[in-house]
Amino acid sequence: MTPEYVFSAERFADRIEAIASSLKDIPLVYSMKANPFLLHCLPEKIDMVEVCSPGELSICEKMGVPGEKILYSGVVKGLEDSIRALKLGARYLTAESRGQFETVREAALKSDIRAEVLLRLSSGNQFGMSREDLLAIIGQDKDTSPVCIKGIHLFSGTSKRKVRAVEKDLDAIRELLSEAEEKYGFRADIVEYGPGLGVDYFEKSSAESEEAERNTLKEASQYLNEFSKEYPLSIEMGRFMAAPAGYYETRVADIKTTGGVNYCMTDGGIHQLNYFGQNMAMKIPVIEQIPAREGARKKSYCLCGSLCTTADVLVREVELDELQVGDILRFERAGAYSVTEAPALFLSRDLPEIYIEKKGEKRLVRPGKAAFEINC
C-alpha cells in the first residue's frame, strides 16, 4: 500500500561494512536522527548511537538499546532528561556550553552517578562552545567533580565534497588538544568526530553514487586513520550511513496535461520525501518505474504530490516511460531524514507505513497513522 518507506537491513549493513573496512579499527557511531527506524537492524559494528533529544532517548529505551551504546548529545538538554540518560547508563553525555556543563553536573549530583562528558567544540555556528569556554571548563574541572571530562566532540557540517575540510577539522582538534595538554595536562580519552561526508542523490545511478562516495571515504580515511594513531578517535555519521539504505514508493494517482506540461499526480509528496539539496525539485534523483514496460515511449513529466500547495513538486521535469494511473514510482536513496524531516503532518495526509526489508522479506515496523488525529 502506497505511500510507503522500505529500509533495507542488507544495504545498511553493507554500507557500515564499507566504512569499517576503510577506517580500520576506529569505532563507529550512528547518528539516529538520520533514521531512527534503522535501529531495528543496527549492525554489530556500530559502537554507539548518538541520541539528540529526550524523544530519541525514549526510542532507545523502548527498543532496548543498551545504555553503554548511547551517546546523549543535543543542543538543549534539560535536567530531567540528563538524569534519565545517566540512569539508563549512557556512556557519554555531551556539553554544548558552560551552562549545559553545569546542568550535566547537577544531573550527576542528583542521580549520584558520575557523568562522563564530551565537550563539544563549535565550528562557528550555534552548536558547541568556543575553544576559550572549552579550555576554561577543562582548567576548572577537578578529579573530585561528579563529572569526568573524557574528550571532545566536533561535527562541522554535512555533505562535505572536499576532503580538505576534514583535514582542516582534524588540524583544529590537534591544536586544541595540544593546548589543553600543555596548559592543564589534559589528555583526551576519546575524540568524537563527525566528518559529514557528502551523499550523491541526483543525476547519477545508485551504483555511480556508491562508487563516488566510497572514493571520497577512501580519501578521507587516510587523514582519519593517521589521526587515530595520535588520539583515540570515533567517527559519527548519519546521512552517509543511512542514505543508500532505503527507498520511498508512491503511486500515480492522476495524469493530465495543462499548458503543455504533463503532470503526474502521486499519492505521496514533499511531506514524505525530502532530499538534501533538492533545490526546488530542479534536480533528478534515482527513480524506478514499476512495472517496467519494455519498448514504451518516453515522455516528459512534472511529478507532483497530493498536497494543495504549488510547492508540492517532487521533480520539476523528468523523462520517463509513458506512465499510467496505478504505476508506482520508487525513489531510491531515501534512507536518511525523509521519514522524519519532511513536514509529515501538513494537510493531515496519513503517515506512510514503514518496513524493514531483510533477505527479500518486508516486515512492517510502523503501520500507517492517521495524521488528522494528531492535528485535531
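**Close-up A. Strand 11 of this predicted model shows side chains that alternate between two faces.** Strand 11 covers residues 261–266. Asn-262, Cys-264 and Thr-266 point to one face, where they are buried. Val-261, Tyr-263 and Met-265 point to the other face and are not buried.

**Close-up B. Strand 11 pairs with strand 10 in a hairpin.** Here you can follow strand 10, residues 246–258, as it runs antiparallel to strand 11, with six bridges between the two. One pair to look for is Asp-254 and its bridge partner in strand 11, Met-265. Two residues lie between the strands of this hairpin, and Gly-259 takes a positive phi near 60°.

**Close-up C. Strand 11 also pairs with strand 13.** This pairing is parallel and has three bridges. Cys-264, one of the buried residues of strand 11, stands opposite Leu-303 in strand 13.

**Close-up D. Helix 5 packs against helix 6.** Which numbers describe such a packing? Two packed helices are described by the angle between their axes and the distance between the axes. For helix 5 (residues 131–140) and helix 6 (residues 164–184), the angle is about 35° and the axes are 10 Å apart. The crossing of helix 5 with helix 6 is right-handed. From helix 5, Arg-131, Leu-134, Leu-135, Ile-138 and Gly-139 meet Glu-175, Leu-176, Glu-179, Ala-180 and Tyr-184 of helix 6. Sorted by class, this contact has six nonpolar residues, one polar residue and three charged residues.

**Close-up E. Two lysines have a positive phi.** Most residues other than glycine have a negative phi, so these two spots deserve a look. Lys-24 sits in the loop between helix 1 (9–22) and strand 2 (28–31), and its phi is near 55°. Lys-359 belongs to the loop between strand 16 (353–358) and strand 17 (361–366), with a phi of about 50°. Are these lysines buried or exposed? Lys-24 counts as exposed because its relative accessibility is 59%, and Lys-359 is exposed too, at 73%.

**Close-up F. Two cis peptide bonds each lead into a proline.** Most peptide bonds are trans. Between Thr-2 and Pro-3, however, the bond is cis, with omega at about -5°. Pro-3 lies in the segment before strand 1 (4–8). A cis bond also joins Ile-290 to Pro-291, and there omega is about 0°. Look for Pro-291 in the loop between strand 12 (287–290) and strand 13 (298–304).

Key: Residues numbered from 1 in each chain as written. Predicted model: local features only at pLDDT ≥ 70, side-chain atom pairs only at ≥ 80, totals over all residues. Heavy atoms only, no water. Helix = DSSP H or I, 4+ residues; strand = E, 2+ residues; numbered from the N terminus. Buried < 20%, exposed > 50% of the residue type's maximum accessible area, 1.4 Å probe, protein only. Axes fitted to C-alpha atoms, helices over the stretch in contact; angles between N-to-C directions. Left-handed = near helix turned anticlockwise from the far one by under 90°. Contact = heavy atoms within 4.5 Å. Nonpolar A, V, L, I, M, F, W, Y, C, P; charged D, E, K, R; others polar. Pairing = 2+ DSSP bridges.
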